[in-house]
Amino acid sequence: MGRLEQGVRAASSAAAERIGRLRAYLMAQPPYKRIGLPLLWCLGAPLALLLVWVLILLPFTPGVSDLKQTRAAKASVLMSADGKELASFEEGVQERVTLAQISPHMIAALIATEDHRFRDHHGIDFRRTFASVLHTALGDPQGGSTISQQLARNLYPEQVGRARNINRKLKEMITAVKIESAYSKDEILESYLNTVPFLYNTFGIEMAARTYFDTTAAKLDVLQSATLVGMLKGTNYYNPVTNPERSVQRRNVVLSQMRKHGMLDEKRYDSLRKKPLRVSFSRQAERKPSDTHFTAYVRKWLIEWADENDYNVERDGLVVHTTLDSAMQEAAEKAVERQGNTLQIIADVEWAQSDSGYGSAGGYAGMHGSITPFEYFWRAKGTLVNAFIRETPEYRKAVESGDSGAQALKRLKADRAFIARLRAAKTRLETGFVAMDPENGHIKAWVGSRDFHKEQYDHVVQAARQPGSTFKPIVYGAALEKGFAPNRPYRDAVMNIKAGDGTVWRPTDMSGSSGNQMSMRDGLVFSKNTITAQVMQDVGLPGIIDLARGLGIRNSKLESVPSLALGTSPVTLLEMVNAYSSIAAQGEYRKPVFVTRITDRAGNVLAEFGNPAPERAMSSQNAADLIDMMRGVINRGTGTAIRYRFGINADVAGKTGTTQNNADGWFIMMHPKLVAGAWVGFNDNRVTMRSNYWGQGGHNAILVVGDFFKAAIAGGKVDTAALFPGGRRPEPVRQEEDPGEEISEEAGDMQQEGVAPPAPPEPDPEDLDSEDMAPLEGERAEAPAPPEPEQNAAPAPLDQ
């Protein structure tokens, strides 16, 4: 301790001696130097430190040569589970325009608000920077960035950085000075206005003008320009769509800045600031050639994730690892295309003639070239066709312009191009398909329509349709959960079912009622409405709804009415396939997973989403019993086409579904390692498959699932040896073997007893004359390619 004390004393003595010499030196100087030298040292030391700091950062900012080149976009990409690129997001919603194509109001508003000395500085406005520091220190935070500094952030987010610290600010200033040396002032303005973000994955003033005001950058008026410039302070906070009041307040601040800097006079300012916010919001299409419904769904999710986590989808090169299997996706797309084309031909031909008989798909394909698709439909359903016309934007616009309803209807009927578009839209058959792994919830294939570029409406996750008899397994599952045995007997008879409001319902079946005893198992196998309704009555609607929610139907509303048991409450295909996946997973629900992780371009993991924790929805034993009951649907019920038309001999179970008037056809099939489902119908459910044969899920949607599974098995993606608990592989069935009489199922509606059907509406005079809906001259549908022979899942020709 003595030596330490001696050392401290010696150091203190030396310091005191140096301070004494410095004080003596200062006292020997003239008075002005005594004051000036300390001040100079106090100011010079920080400036020298700052200069050294800048010199250190200089190599870490973009070089002038880099600034003179267009920065290559480092797009985020979507990857399949097997490592194939599914889509890339290199461009975003953006369209570059020249400065001459941008409204002068926009340029004036931008300069007045963001950088009114823009034409005078060389990248840094020191007056504004020092003022912002002073205001911030006094508790009034203000930005001091010039337009050039903001452009530096937009163009080089990685080099400049995102953190709010002095290091990033210095990099931003250095880059701004370099930008000023590389570009003219007009080039800086043009580049800035083409790269600035405006939410909704929209970049640049042109797409912002279209998104928020349905106009172009060249036609922006003063108020629109002020609104968009106002967003730059905080695009989400001042979003005119979600925060209109804040947006108006900020717009008026921009107008006041324009008045302050001589761009508006007082009278004009007073007039403009009182005007309301007029937004015409329309999110811009984001389609690319590689886009599918799945990539569009993931892209929307990714944008929200990126916004929340401060990433840019177009510039930050994110790598999004999805669960999709590229081979299964290809098989699904081919199945939807092939079988969708087949069913479109069938619908075209059946509705082309007055004869309602049906035949084989091959026979219909041979007739397709000589008929006018849906000719009989358009001639026979004048009232419905006129309703279609009255629901169009063109009709509403004509009436709003002063035409009477009759005049608008007559004029639009005479518009051949309009009628052709209407017919094409209403009579295009659609289908949705999705497949997932029940063991982890991973989505393996997703097809939202027959052609994404013709139909962006996603029939997997957007379309809510009545599921028909595909809902019945949930009813029987609830019965098992309540302790009912699969062989519990019921009488196959039409019964009165009382609803909560006192009305009486009488469910019936297309095949009629035998009056005999039938087990609960056979009620499901043969899709008997009479049996299902009685099971529903014994179980109770609350238990059925609770199980449906537990299995995966968590977004769609389920009406607590008796007909729910027959599938009259609309749900999405994804929800139904998820519910069946929960059954296949022995009663464990897993939330669907479509992204497993996100990495940066160097492979560093930014986020992981992993496997969701399972939730017990029903007991494993009851799930196994339900699967066994649904095996019967495939082996001897409404789903036998899986065996004899597609030759699938794996341990599978499933259920068909058909709704009133053949508006919806469903089929969902479970394998221990894969669950897949399809929906078939028209976007407008007033257009349906005509014949009861082809209108059933067991004859339309089953084709898509069977086609997919056959290809997946052939490609080694599905192990036919895999078994459910207690299962065994069935005996092989010869493909295309005539199954004999097939089981038909009744649509899921229960007629109310003692209540007359609603009277048809009184037709308008125009509805009585449908001659002007005759086929357009030379009109023929372009026939889709007929399916390959081995995939042509159709019955033998009928002599009808």
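How are helices α22 and α27 oriented to each other? They are oblique. This report looks at that pair and at three other helices in a predicted model.

## The α22 and α27 pair

Helix α22 covers residues 472-481, and helix α27 covers residues 620-636. The two pack at an angle of about 140 degrees. Angles over 145 degrees would count as roughly antiparallel, and 65 to 115 as roughly perpendicular. The angle of this pair falls in neither range, so α22 and α27 are oblique to each other.

Their axes lie 10 Å apart. The crossing is right-handed. On the α22 side, the contact is made by P473, Y476, G477, L480 and E481. On the α27 side, N622, D625, L626, M629 and M630 take part.

## Helix α25

Helix α25 runs over residues 541-551. Its buried residues are L541, I544, I545, L547, A548, G550 and L551. What covers them? The cover includes α22, α24, α26 (573-584) and β14 (588-589). Helix α22 thus appears again, here as part of the cover over α25.

Just after α25 comes G552. This glycine takes a positive phi of about 145 degrees.

## Q534 in helix α24

Helix α24 spans residues 529-539 and holds Q534. Is Q534 buried or exposed? Its relative accessible area is 9%. Buried means under 20%, so Q534 is buried.

The side chain of Q534 reaches the backbone oxygen of T530 at 3.0 Å. Neighbours within four places in sequence can be set aside. Q534 is then in contact with Y490, R491, A493 and M495.

## Helix α29

Helix α29 has 14 residues, 701-714. How far apart are its end C-alpha atoms? They are 20 Å apart. At 1.5 Å a residue, the helix should span 20 Å, which agrees.

Most of α29 is covered, with ten of its 14 residues buried. The buried set starts with A701, I702, L703, V704 and V705. G706, D707, F708, F709 and A712 are buried too. These residues pack against both helices and strands. The helices are α15 (326-350) and α28 (641-644). The strands are β6 (429-436), β7 (443-447), β19 (664-671) and β20 (674-682).

Just after α29, G716 takes a positive phi of about 75 degrees.

Note on methods
Residues are numbered from 1 along each chain as its sequence is written. This is a predicted model: local features need pLDDT of at least 70, side-chain atom pairs count only at pLDDT 80 or more; totals for chains, interfaces and linings use all residues. Side-chain values use heavy atoms; hydrogens and water are left out. Helices (H or I, at least four residues) and strands (E, at least two) are DSSP runs, numbered from the N terminus. The expected span of a helix is 1.5 Å times one less than its number of residues. Buried means under 20% relative accessible area, exposed over 50%, partly exposed in between (1.4 Å probe, protein chains only). Contact means heavy atoms within 4.5 Å. A polar contact is a pair of N or O atoms within 3.5 Å; within protein, one must be able to donate a hydrogen and the other to accept it, and residues adjacent in sequence count only if both atoms are side-chain atoms. Axes are lines fitted to C-alpha atoms, for helices over the stretch in contact, and angles run from 0 to 180 degrees between N-to-C directions. Angles under 35 degrees count as roughly parallel, over 145 as roughly antiparallel, 65 to 115 as roughly perpendicular and the rest as oblique. A crossing is left-handed if the near helix is turned anticlockwise from the far one by less than a right angle, and right-handed if clockwise.
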